[in-house]
Amino acid sequence: MPFPQHRPRRMRRTEALRSLVRETTLAPQHLVWPLFVLPGAKVRNPVKSMPGVFQLSVDELVAEVQQGWEAGVRSVILFGIPAHKDPQGTEAYADDGIVPQAIRALKEKVPGMVVMTDVCMCEYTDHGHCGILKASKAGGPGNELQVDNDLTLPLLAKEALAHARAGADIVAPSDMMDGRVAAIRAELDGAGYQDVPILSYAAKFAGAFYGPFRDAAESAPVEGPGIPKDRKGYQMDPANWREALREVELDVAEGADMIMVKPAVPYLDIVRQVRDRFDLPTAAYHVSGEYAMIKAAAERGWIDEDRVVLETLLCCRRAGADLVLTYYAKHAAQLLSGKKR
C-alpha cells in the first residue's frame with residue numbers, strides 16, 4: 001500500500017480546524033499599553049504623528065485606562081512629560097513628579113491594572129538625551145558632548161525608586177546605559193523594594209522608527225553647541241545581532257527579571273534569538289513609527305487596519321514575545337474580545 005499523500009491544507013479548510021491546530025495565540029493579556037501623562041487637568045492633546053494617541057493629564061489618563069480595562073487590557077507603561085526640564089532631569093526622580101502622581105491615581109482608581117513605568121532621562125532633560133551630558137576625554141568629533149554613563153546611573157536608580165515608592169508594579173529602564181540594571185536593583189533592594197521587578201530594554205536599537213514617539217514624549221535631542229544630534233553613541237547599531245545577545249546577557253546577569261527588544265517587527269530575528277537563548281519573559285515594543293505607518297496606510301484605504309494590526313501583533317508573539325508593547329493595545333483588545341466600538 002503506498003504511503004498516503006500528506007496534504008497540510010486539509011487542516012486549513014475551516015476556521016474550526018484552523019483554530020484546532022493554531023500554534024500561536026494572541027489575547028488582550030499579552031498586550032501592554034504605552035501612555036503619555038503630563039501636568040494639568042482635563043488635558044487631552046492629540047499627537048499629530050500618531051492618530052488616536054494623546055498626551056493626557058492624570059484625570060484623563062485614569063479615564064482612558066478604565067476604558068482599556070473594560071476592553072481587556074491588563075498592563076500599561078507610563079511615560080512622563082514634566083512641567084520643567086533641566087540638564088540634570090531632576091523631575092525624573094522627584095517623588096511628586098508627574099509619573100508618581102499618575103501611578104498613585106491609577107492604583108487608587110484601577111487597582112487591578114499592572115502599572116509599568118519607563119525609567120529614562122530623555123523626557124526630563126532640557127537637551128533631550130537619556131543621561132547627563134559631559135565633555136568626553138576619549139576623543140570624538142570637535143567639541144561634542146557625550147552622555148556620561150556613570151554619572152547617569154545613580155539618577156536612573158533614584159527615578160526607579162521614586163516610581164516604586166509610588167506603587168509601580170514594574171520599572172523598565174530604557175536608557176541603554178551600561179550597568180543600569182545592577183544600579184537600579186541595588187537601589188530598590190536597599191530601600192526595601194526587593195519584590196519590584198525590572199523589565200530591561202535590553203536590546204534597544206538606534207533605529208529610524210522613533211520619530212512619532214519623540215513628538216508624543218517631547219524628548220527629541222535639541223540642537224545646541226556640542227549636543228549630539230542622535231543617540232547612536234549609546235543605543236545599539238541596527239546592524240548588530242551578536243551584540244544584542246551580549247547586551248541581553250549582561251542585563252540578565254545584573255538581575256533583570258524581564259527583557260525587551262525594541263523596535264519589534266524589523267527586529268523579530270532578534271526577538272527569536274533572545275527567546276531561544278534566555279529563559280526569561282521577553283517583550284517586544286511595537287514602536288511609534290510602526291504604529292504610524294499602519295495608521296497612514298489605513299487612512300488612505302490601502303490596507304485593512306484591523307487585520308493588519310492583529311497579524312502584526314500575532315507575528316510578534318510567534319517570534320517569541322511573551323508581551324507586546326503597542327499603542328494599539330486598547331484597539332486590539334477590543335477586536336480580540338469582540339468589544340470594538
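**Close-up 1. K262 sits in strand β10, which runs over residues 258–262.** A quick word before looking around: this is a predicted model. At a relative accessibility of 5%, K262 counts as buried, because buried here means under 20%. Setting aside neighbours within four places in sequence, K262 is in contact with Y201, A203, K204, F205, Y210, Y285 and V287. Keep an eye on K204 in that list, as the next view turns to that residue.

**Close-up 2. K204 belongs to strand β9, made of residues 199–204.** Is K204 buried or exposed? With a relative accessible area of 6%, K204 is buried. Leaving out residues up to four places away in sequence, K204 touches S174, M176, Y210, Q235, M236 and K262. For S174 there is a bit of extra detail: its backbone oxygen lies 2.9 Å from a polar atom of the K204 side chain.

**Close-up 3. K204 and K262 share a UniProt label.** The "active site" annotation, from an unreviewed UniProt entry, covers K204 and K262. These residues are spread over 59 residues of sequence, yet they cluster in space, with a largest C-alpha distance of 4.8 Å. Where else do K204 and K262 turn up? The lining of the largest cavity includes K204 and K262.

**Close-up 4. E247 carries a "binding site" label from UniProt, again in an unreviewed entry.** Look for E247 in helix α7, which covers residues 242–254. E247 counts as buried, at 13% relative accessibility. Which residues does E247 meet, once its neighbours within four places in sequence are left aside? The contacts are M176, A202 and M236. Two of these names may ring a bell: M176 and M236 are also among the residues touched by K204.

**Close-up 5. S288 and Y327 are covered by another "binding site" annotation in the unreviewed UniProt entry.** They are spread over 40 residues of sequence but cluster in space, and the largest C-alpha distance is 7.4 Å. S288 is found in helix α9, residues 288–299. With a relative accessible area of 0%, S288 is buried. Not counting residues up to four places away in sequence, S288 touches M50, F209, Y210, G211, P212, F213 and Y327. So the two annotated residues, S288 and Y327, are in contact, because contact here means heavy atoms within 4.5 Å.

**Close-up 6. Y327 sits in the loop between β12 (323–326) and α11 (329–337).** Being in a loop, is Y327 buried or exposed? At 7% relative accessibility, Y327 counts as buried. Y327 has a list of contacts that, with residues up to four places away in sequence not counted, includes W33, P34, F36, M50 and V53. Further along the chain, Y327 also touches F213, Y285, H286, V287, S288 and Y291. One of these partners, Y285, is joined to Y327 by a polar contact of 2.8 Å between their side chains. Y285 has come up before, among the contacts of K262.

**Close-up 7. Helix α4 runs over residues 149–166.** This helix has 18 residues and reaches 26 Å from its first C-alpha to its last, close to the 26 Å expected at 1.5 Å a residue. At the start of α4, a side-chain oxygen of D148 comes to within 3.2 Å of the backbone nitrogen of D150. Just after α4, G167 takes a positive phi of about 115 degrees.

**Close-up 8. Here is what is buried in α4, and what covers it.** Among the buried residues of α4 are T152, L153, L155, L156 and A157, and also E159 and H163. What lies over these buried residues? The cover includes helices α3 (98–109) and α5 (180–190). Strands β5 (114–119), β6 (132–135), β7 (145–148) and β8 (170–173) are part of the cover too.

**Close-up 9. The structure holds 0 disulfides.** C122 is in no disulfide, and the nearest cysteine sulfur, that of C120, is 4.0 Å away. Why does that pair miss out? A disulfide needs cysteine sulfur atoms within 2.5 Å, so 4.0 Å does not qualify. C122 is buried, with a relative accessible area of 5%. C316 is in no disulfide either, as the nearest cysteine sulfur, that of C315, is 7.3 Å away. At 0% relative accessibility, C316 counts as buried.

Definitions and conventions:
Residues numbered from 1 in each chain as written. Predicted model: local features only at pLDDT ≥ 70, side-chain atom pairs only at ≥ 80, totals over all residues. Heavy atoms only, no water. UniProt positions renumbered as here; feature names shortened; annotations may be inferred. 1 Å grid on protein atoms, 1.4 Å probe; cavity = no way out; pocket = protein on both sides within 12 Å on 5 of 7 lines; lining within 4 Å. Helix = DSSP H or I, 4+ residues; strand = E, 2+ residues; numbered from the N terminus. Buried < 20%, exposed > 50% of the residue type's maximum accessible area, 1.4 Å probe, protein only. Polar contact = N/O pair within 3.5 Å; in protein donor to acceptor, adjacent residues only side chain to side chain. Expected span 1.5 Å × (residues − 1).
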